[in-house]
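User: I would like a close look at one salt bridge and its surroundings. Please keep the answer to what the coordinates support.

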Amino acid sequence: MARKGLSAAAILGFSAALITLVLDQATKLYTLFVFDLPVKEPVEFAPFINLIVVWNRGISYGLFQQNSDLGRWALVVISILAAIGLSVWIRRTSAKLLAVSLGLIVGGAIGNVIDRIAYGAVFDFIQFHIGSWSWYVFNVADAAIVAGVAGLLYDSFVLEGRRAKK
């Protein structure tokens, strides 16, 4: 029997994607053009968080840096294809946490794609550090992707088994 409209899980998943995308782009645009972080950096936001400007031409943790247009556009295409595939998965699942987790990843991926298209690189600006030890410079999209992957792992290793027993 064909369903009409989206399931509750799909609505949650696509809402998570939209909220993530809007928050990501709003924080980036504000930080770049209103707060003018490139002129003011570094800014101590909290004892363990600085705001700095990093243009990431690679993927997470700066891996696979791309200094050519071919590499940049390859990352754009791969990210768009991944977002489409994950969106199909959101549409098909009835598991709410799974859908939200996928939505976080989709929203983050699209947010970073927008950066690559607009600026040629992803704008990262939140630096977590403890004393002189610095971890990773990231943005809202990156944080959402990490949270989404954590949700996927929890769903796969804990909730999927519970669903299978029902």
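By about how many helical turns are D69 and R72 separated in helix α3?

Analyst: D69 and R72 are separated by about one helical turn, because they are 3 residues apart in helix α3. An α-helix has 3.6 residues a turn, so residues three or four places apart point the same way. This is a predicted model, in which local features need pLDDT of at least 70 and side-chain atom pairs count only at pLDDT 80 or more, while totals for chains, interfaces and linings use all residues. Residues are numbered from 1 along each chain as its sequence is written, and side-chain values use heavy atoms, leaving out hydrogens and water.

In the salt bridge between D69 and R72, the closest N and O atoms are 3.8 Å apart (a side-chain nitrogen of Lys or Arg within 4 Å of a carboxyl oxygen of Asp or Glu). The two partners differ in cover: D69 is exposed at 53% relative accessibility, whereas R72 is buried at 16% (buried is under 20% relative accessible area, exposed over 50%, partly exposed in between, with a 1.4 Å probe and protein chains only).

Helix α3 covers residues 69–92 (helices are DSSP runs of H or I of at least four residues, strands runs of E of at least two, both numbered from the N terminus). Its 24 residues should span 34 Å at 1.5 Å a residue, and the end C-alpha atoms are 35 Å apart, which agrees (the expected span is 1.5 Å times one less than the number of residues). Besides R72, the buried residues of α3 include G71, L75, V76 and A83. The buried residues of this helix pack against α1 and α4, the latter being residues 96–119 (contact means heavy atoms within 4.5 Å). V88, also in α3, is partly exposed at 36%.

The total is 3 salt bridges, and the other two share K28. In helix α1, K28 pairs with D24, with the closest N and O atoms 2.8 Å apart. These two residues lie 4 residues apart, about one turn of the helix. K28 also pairs with D115, again with the closest N and O atoms 2.8 Å apart. That second pair links distant parts of the chain, from K28 in α1 to D115 in α4, 87 residues apart. D24, K28 and D115 are thus joined in a network of salt bridges. Cover is high here: D24 is buried at 0% and K28 is buried at 1%, and D115 is buried as well.

Q25, in helix α1 (residues 8–34), also meets D115. The side chains of Q25 and D115 make a polar contact of 3.3 Å (a pair of N or O atoms within 3.5 Å; within protein, one must be able to donate a hydrogen and the other to accept it, and residues adjacent in sequence count only if both atoms are side-chain atoms). Q25 touches G111 and I114 as well as D115, leaving aside residues up to four places away in sequence. Q25 is buried, with a relative accessible area of 13%.
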